[in-house]
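Please work through the exercises below with the sequence and the coordinates at hand. Each task is followed by a solution in steps.

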Amino acid sequence: MIAQILFIIILAAAVYLFSKNVAKIRRNILLGKDTNRSDNRAKRWKTMAMVALGQSKMVKRPFAALLHFFVYVGFVIINLEVMEIMIDGIFGSHRIFSRPLGGLYDLLIGGFEILAILVLVACVIFLARRNVARLKRFTGVEMTAWPRSDANYILITEILLMAAFLTMNAADQKLQLLSFGHYIKAGSFPVSHFISPLLPNSAGSLEIIERVCWWFHILGILAFLNYLPYSKHFHILLAFPNTWYSNLNPKGEFTNMAPVTNEVKAMLDPSFVPETSGEPARFGAKDVSDLTWKNLMEAYTCTECGRCTSVCPANQTGKLLSPRKIMMDTRDRITEVGNGIEKNGKDYQDGKALLDDYISREELWACTSCNACTDACPVNINPLEIIIEMRRYIVMEESQAPASLNNMFGNVENNGAPWKYSGADRLNWKENI
């Protein structure tokens with residue numbers, strides 16, 4: 001009974017802390033400007049099913065996709081076993097699903113074990129790719145000590161959890177064969193069967209091993225749950241809403257700015273009266289509050305996998321731009337803003353901004369707006385939207401575009417084309433034909 005009460009207290013505390021941290025992230029995301037991403041619901045459900053659930057964009061790198069598939073499926077399906085563990089912990093039962101499921105239970109436990117060993121092997125390979133092979137896309141100025149450690153912590157945790165799960169089953173199987181206590185004969189153990197010979201034969205020792213692994217496994221999962229909001233692995237949850245709210249417009253299609261649209265309409269129709277909403281709107285984005293809530297959701301969804309940066313032509317030529325850094329900087333900044341508001345009130349200003357304090361102008365102007373990063377992202381994140389909005393601020397609010405762009409703007413204004421020749425001279429090229 002004491003164990004049950006202790007488990008219920010720990011479970012309730014874990015759920016409370018997780019809910020509290022998720023609420024903070026939600027608050028931070030909603031600091032962004034509103035945008036409508038609820039149109040064409042059928043296409044959105046299809047996009048989420050293909051990209052988030054089906055992982056259709058992962059297959060561009062087949063080996064990594066296969067390993068990630070093992071981890072992904074293992075994470076989803078083994079959680080069914082976690083449900084049983086939680087029910088057993090609350091009611092003091094043991095393998096409560098075994099009787100109602102009958103022979104199907106043996107099949108499920110056997111499947112869980114196979115998935116557990118596949119997850120374990122995949123995580124070991126992922127660790128080797130990061131720390132032994134040192135793949136280039138896992139490096140970069142933005143990949144400081146914390147992002148590198150974050151990935152390793154999660155992989156090591158998953159390895160330990162799977163090892164504890166298999167060891168728990170191995171001890172359980174031996175206790176079943178000994179008909180010890182409440183350890184009823186239930187389940188098939190195709191993987192942990194090979195671990196059993198390594199364990200002692202004493203029933204008392206086996207029970208200690210089984211209980212220690214049981215507690216380690218469930219407490220590890222609850223700790224993992226509360227670690228997610230601080231980690232890039234929060235994409236496990238946010239990938240689904242993020243892909244549902246994807247931008248369904250053609251890549252490269254810019255959004256219209258309402259103030260500019262109103263000005264154009266007023267020029268074309270003198271009787272047009274724009275709607276005013278108090279303070280004049282800012283052109284583009286200087287800080288995270290100028291971005292949309294979808295941009296901020298994408299920042300929290302970023303997996304830091306580096307696929308965007310690895311295909312960026314600007315990054316490949318040695319320029320400072322890294323689309324992954326854009327998303328990581330946006331996430332760090334909105335977290336900083338949210339923490340400041342929480343401590344000092346909603347009107348608090350810390351005198352910092354995403355532009356210059358986090359993202360340099362050199363990074364922004366290095367972008368060729370080719371959309372390679374958007375196309376490569378496995379969860380439909382769009383770094384280009386943030387880059388374009390910050391460029392708009394620099395050009396339209398500060399008038400600080402690079403000289404080459406200012407020359408082009410002047411030519412468009414004076415000649416109606418990017419070139420320095422007047423419209424009257426456009427056809428001069430045919431004179432010598």
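The exercises that follow concern a predicted model.

**Exercise 1. Packing of H1 and H10**

Determine how helix H1 and helix H10 are oriented to each other, and which residues meet where they pack.

Solution.
- Step 1. H1 covers residues 2-29 and H10 covers residues 293-301; their axes lie 8 Å apart and make an angle of about 140 degrees.
- Step 2. Angles over 145 degrees count as roughly antiparallel, and those from 65 to 115 as roughly perpendicular. H1 and H10 are therefore oblique to each other.
- Step 3. On the H1 side the contact is formed by Ile 25, Asn 28 and Ile 29, and on the H10 side by Trp 293, Leu 296, Met 297 and Tyr 300.
- Step 4. Sorted by class, the contact of H1 with H10 has six nonpolar residues, one polar residue and no charged residues.

**Exercise 2. The surroundings of Asn 28**

State whether Asn 28 is buried or exposed, and which residues it touches beyond four places in sequence.

Solution.
- Step 1. Asn 28 belongs to helix H1.
- Step 2. Its relative accessibility is 4%, so Asn 28 counts as buried.
- Step 3. Leaving out residues up to four places away in sequence, Asn 28 touches Leu 296, Tyr 300, Ile 334, Thr 335 and Gly 338.
- Step 4. Leu 296 and Tyr 300 are also among the H10 residues that meet H1.
- Step 5. For a separation in the chain, take Ala 170: Asn 28 and Ala 170 are 142 residues apart in sequence, and their C-alpha atoms are 45 Å apart in space.

**Exercise 3. Cysteines and disulfides**

Find how many disulfides the structure holds, and explain why Cys 302 and Cys 373 are not bonded to Cys 308.

Solution.
- Step 1. A disulfide is a covalent bond between the sulfur atoms of two cysteines. The cut-off used here is 2.5 Å between the sulfur atoms.
- Step 2. For Cys 302, the closest cysteine sulfur is in Cys 308 at 6.2 Å, which is too far for a bond.
- Step 3. For Cys 373, the closest cysteine sulfur is again in Cys 308, at 6.4 Å, also too far for a bond.
- Step 4. The count for the structure is zero disulfides.
- Step 5. Cys 302 is buried, with a relative accessible area of 6%, and Cys 373 is buried as well, at 11% relative accessibility.

**Exercise 4. Helix lengths and burial**

Check the end-to-end distances of H7, H17 and H18 against the expected spans, and list which elements cover the buried residues of H17.

Solution.
- Step 1. H7 (residues 203-227) has 25 residues; the distance from its first C-alpha to its last is 35 Å, close to the expected 36 Å.
- Step 2. H17 (residues 383-396) has 14 residues, which at 1.5 Å a residue should span 20 Å, and its end C-alpha atoms are 20 Å apart, in agreement.
- Step 3. H18 (residues 403-415) has 13 residues; the expected span is 18 Å and the end C-alpha atoms are 18 Å apart, which agrees. Just after H18, Gly 416 has a positive phi of about 75 degrees.
- Step 4. In H17, 12 of the 14 residues are buried, so this helix is largely enclosed by the rest of the structure. The buried residues include Glu 385, Glu 389, Arg 391 and Arg 392.
- Step 5. The cover over the buried residues of H17 includes H10, H13, H14, H15 and H16.
- Step 6. The buried residues of H7, among them Glu 210, Trp 214 and His 217, pack against H1, H3, H6 and H8.

**Exercise 5. Positive phi outside glycine**

Locate Gln 55 and Arg 95, and give the phi of each.

Solution.
- Step 1. Most residues other than glycine have a negative phi.
- Step 2. Gln 55, in the loop between H2 and H3, has a positive phi near 55 degrees.
- Step 3. Arg 95, in the loop between H3 and H4, has a positive phi near 50 degrees.
- Step 4. Gln 55 counts as buried at 10% relative accessibility, and Arg 95 is buried with a relative accessible area of 4%.

Definitions and conventions
Residues numbered from 1 in each chain as written. Predicted model: local features only at pLDDT ≥ 70, side-chain atom pairs only at ≥ 80, totals over all residues. Heavy atoms only, no water. Axes fitted to C-alpha atoms, helices over the stretch in contact; angles between N-to-C directions. Helix = DSSP H or I, 4+ residues; strand = E, 2+ residues; numbered from the N terminus. Parallel < 35°, antiparallel > 145°, perpendicular 65-115°, else oblique. Contact = heavy atoms within 4.5 Å. Nonpolar A, V, L, I, M, F, W, Y, C, P; charged D, E, K, R; others polar. Buried < 20%, exposed > 50% of the residue type's maximum accessible area, 1.4 Å probe, protein only. Expected span 1.5 Å × (residues − 1).
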